[in-house]
Amino acid sequence: MNKIQKKSITLHISRIHSEGWWLGNDKEHVAAGTALGPDCTTVIYEPSKKGVTGKFDAVNQTWTEVEDKSLNEFFSPVGQFFVIGTPDGDYPDWAVLEVPPEFDPETQTVLYAEKKWTVYPIQIGNPYWNEEGQELLISDFNFTLPEKHTFTRPPKVKKGYAVRLVDGKWKQLEDHREQIAFSKDRDNDEKGDYQVEELGLLPNTHTLLEPEQFDSWSEELGQWQYDPIRYRFVWAQDEKQWQQDKLTKVETELLFYAQDKQIPELYSELRKTHYSEDEYFSLLGDRILLNEYVQQDDFPECGRPTLSGLV
C-alpha cells in the first residue's frame with residue numbers, strides 16, 4: 001500500500017496492470033494528504049533486456065522479471081491472426097506459427113493441414129459430379145474434390161448406355177441391367193441364363209437374343225437357328241410317350257379278351273370285349289407294330305405305324 005504524502009510532490013513511478021504486470025515508468029503528482037493509487041508504485045522496474053517484463057508483488061514490494069510473450073504472434077488453421085495477449089500466456093494447441101501465404105479473402109481461403117498452408121478458391125455453389133454422373137453442389141470452404149468425382153460435366157447419355165467416370169474420364173458403358181442374358185451353350189454352360197446386374201459388355205458366352213424352344217446358337221450367323229437335333233430329342237420323347245399310351249391300351253384290351261374267353265357263351269353279356277377273332281389278331285398285330293416302332297434305327301423319323309384303329 002502506498003503511503004500518504006505530507007505535502008504535494010511529484011514522484012517517479014512504475015505503472016502496474018491490475019494483474020501486476022509492468023506498464024512502464026512515468027511521473028505522478030501526488031497532492032498533500034493523498035497517496036498513489038494501487039496502479040502505481042515507487043519501486044521502479046527497468047527491463048534488463050529486450051523481450052522481458054516485470055510482475056509486481058504488492059505484499060513484498062518486489063518485481064519478478066519474466067519473458068514477455070504478450071505480443072507473440074500466431075495464426076488459426078484458417079489464417080486468422082492472433083497475439084498471446086498476456087506476458088506469461090502460451091500458444092493454444094491449435095496455434096500455427098508459420099505465416100500463411102498471401103491470398104485474396106474475397107475469392108480465396110487458406111487452410112493449414114499436414115504441416116503446410118494451402119490456398120483454396122472459394123467455390124461454394126459450383127457443381128461437381130460423382131462417378132455415376134450425379135450432380136452435386138459445393139457447400140464448404142477449402143473444398144477438395146473427392147476421389148472418383150470430377151468438375152467435368154458428363155456427356156449426354158446414349159440410348160442403351162450409362163455414363164461412368166473411369167480413371168478420371170467419362171465413358172459410355174452398355175447398360176443391359178435387368179435384362180436376361182441367354183447362354184449360347186444351352187447344354188453345357190454351368191452358369192446358364194442370368195439377369196444382368198452390371199454395366200458393360202456381355203461375355204461372349206451369352207446374348208440378349210432370346211431363343212425359341214428348339215434353337216441352337218450359330219456363331220457364323222450370330223443368331224439362334226432352329227436345330228433339328230434338339231427338336232429330335234423332344235420329338236422322340238413325345239413319340240415314346242404316344243407308343244406307351246397306345247401299347248398300354250392294346251395290352252389292356254388283349255388282357256380283357258383273354259379273360260372274356262373264359263366266360264361261357266351263355267354269359268356273354270358279362271364280357272368286357274366283343275372282338276371277333278380277326279379283330280383279336282389285329283390287336284396282336286398292333287402290339288407288334290408298337291414294340292417295333294421305338295426300335296427302328298431311324299426312330300422317330302420313320303413315322304408312326306398304321307394301327308388297326310380298334311383302340
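Helices here are DSSP runs of H or I with at least four residues, and strands are E runs of at least two, both numbered from the N terminus. With that in hand, keep in mind that this is a predicted model, and start at the segment after α2, where Pro300 is found. The peptide bond leading into Pro300 from Phe299 is cis, with omega near 0°.

Phe299 is a handy way into the interior, since the largest nonpolar core counts Phe299 among its 12 residues. The other members are Ala236, Trp242, Leu247, Val250, Leu254, Tyr257, Tyr275, Leu283, Leu284, Leu290 and Tyr293. Two elements give two or more residues to this core: α1, spanning 228–261, and α2, spanning 277–293. Of these, α1 gives the most, with six residues. As a general background, nonpolar side chains in soluble globular proteins tend to be buried together.

To get a feel for the packing, pick Leu290 and look around. Leaving out residues up to four places away in sequence, Leu290 touches Trp242, Gln243, Lys246, Leu247 and Val250, and also Pro305 and Leu307. Trp242, Leu247 and Val250 are fellow members of the core.

Now for the strands. In general, strands of a sheet pair through backbone hydrogen bonds, either parallel or antiparallel. Take β13 (residues 161–166) and β14 (residues 169–174): they pair in the antiparallel sense over six bridges. If you want a register to check, Leu165 has Trp170 as its bridge partner in β14. The two strands form a hairpin with two residues between them, and Asp167 in that turn has a positive phi of about 55°.

Further along, there's an open sheet of three strands, ordered β16-β15-β17, with antiparallel pairing. Its edge strands are β16 (194–195) and β17 (206–207), each of which pairs on one side only. Between β15 (residues 180–183) and β17 the antiparallel pairing runs over two bridges, and Ser183 stands opposite His206 in β17.

The loops have some backbone angles to look at too. Glu114 has a phi near 55°, a positive value in a residue other than glycine. Where does Glu114 lie? Look in the loop between β8 (108–113) and β9. Glu114 counts as exposed because its relative accessibility is 75%, and the cut-off for exposed is over 50%. Asn142 also has a positive phi near 55° without being a glycine, and its place is the loop between β11 (135–137) and β12 (149–150).

What about nonpolar groups at the surface? Ile122, Ile124 and Phe141 make a nonpolar surface patch of about 260 Å². Ile124 belongs to the loop between β9 (116–121) and β10 (127–130). Its relative accessibility is 40%, so Ile124 counts as partly exposed; that class lies between the buried limit of 20% and the exposed limit of 50%.

Finally, one more loop residue: is Ser76 buried or exposed? Ser76, found in the loop between β6 (73–75) and β7 (81–83), has a relative accessible area of 5% and is therefore buried. Setting aside neighbours within four places in sequence, Ser76 is in contact with Phe82, Trp94, Val96 and Trp117.

Key: Residues numbered from 1 in each chain as written. Predicted model: local features only at pLDDT ≥ 70, side-chain atom pairs only at ≥ 80, totals over all residues. Heavy atoms only, no water. Core = buried A, V, L, I, M, F, W, Y, C linked by side-chain atoms within 4.5 Å. Buried < 20%, exposed > 50% of the residue type's maximum accessible area, 1.4 Å probe, protein only. Contact = heavy atoms within 4.5 Å. Pairing = 2+ DSSP bridges. Patch = residues over 30% accessible without salt bridge, like charges linked within 9 Å, V, L, I, M, F, W, Y side chains within 5 Å. Areas by Shrake-Rupley, 256 points an atom, 1.4 Å probe, with all protein chains shown as cover. Salt bridge = Lys/Arg side-chain N within 4 Å of Asp/Glu carboxyl O.
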